[in-house]
Amino acid sequence: MLIRDLGDDRLTDAYGIRYQQIYPHGGEDLADWGIGRAVVAPGGATEPHGHHEEHEVFVILAGHGVMVIGDEEQKVTARQAVLIPNGAPHFLRNSSDTEPLEFLSLYWPPAMGALDL
């Protein structure tokens, strides 16, 4: 059994936000898939980027913001999941001036399964 603490003291600076790699614990290059916890400060945003070798899902845990994928932009809030196809440029902006936006990022290579939500 592996248990990871998810305290704010475990977060580090990455992707323009605060981030904790949950699995694989030793770094993203150690497994084909992974999951991390991210916290976007009020008014902050993830760095715009894309993944050419993996799909990604953001599971919004707390707060609200605006998800941008390519030319599409939509509001997101807690208890929603956003599917991001491999290769799609994307970023998530926290639209609150006072509350952090927290989400899980789950990623996997396209060969491991179809994109569906």
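Q: What makes strand 1 and strand 7 the edge strands of the open sheet?
A: In this predicted model, the open sheet has 6 strands in the order 1-2-3-9-4-7, with antiparallel pairing. Strand 1 (12-14) and strand 7 (80-84) each pair on one side only. From one strand to the next, the twist averages 35°.

Q: How do you know that strand 4 and strand 9 pair?
A: Two strands pair if DSSP finds at least two bridges between them. Strand 4 (residues 55-62) is joined to strand 9 by 7 bridges, so the two count as paired, and they run antiparallel. Within strand 9, phenylalanine 103 stands opposite isoleucine 60.

Q: Which residues touch the most other members of the largest nonpolar core?
A: The core has 16 residues, and those with the most such contacts are Phe58, Ile60, Met67, Val82, Ile84, Leu92 and Phe103. Strand 9 gives the largest share, 3 residues.

Q: What is phenylalanine 58 in contact with, leaving aside its neighbours within four places in sequence?
A: The partners of phenylalanine 58 include Met67, Val82, Ile84, Leu92 and Phe103. Also among them are Gln80, His90 and Ser105.

Q: Why is leucine 115 called partly exposed?
A: Buried means under 20% relative accessible area and exposed means over 50%. Leucine 115 has 32%, which lies in between, and therefore it is partly exposed.

Q: Where is leucine 115 found, and what is it in contact with beyond four places in sequence?
A: Leucine 115 is in the segment after strand 9 (101-108). Its contacts, leaving aside those neighbours, are His55, Leu83, Ile84, Pro85 and Trp108. Glutamate 56 is 59 residues from leucine 115 in sequence, and their C-alpha atoms are 9.1 Å apart.

Terms used: Residues are numbered from 1 along each chain as its sequence is written. This is a predicted model: local features need pLDDT of at least 70, side-chain atom pairs count only at pLDDT 80 or more; totals for chains, interfaces and linings use all residues. Side-chain values use heavy atoms; hydrogens and water are left out. Buried means under 20% relative accessible area, exposed over 50%, partly exposed in between (1.4 Å probe, protein chains only). Contact means heavy atoms within 4.5 Å. Axes are lines fitted to C-alpha atoms, for helices over the stretch in contact, and angles run from 0 to 180 degrees between N-to-C directions. A nonpolar core is a set of buried Ala, Val, Leu, Ile, Met, Phe, Trp, Tyr and Cys residues joined through side-chain atoms within 4.5 Å.
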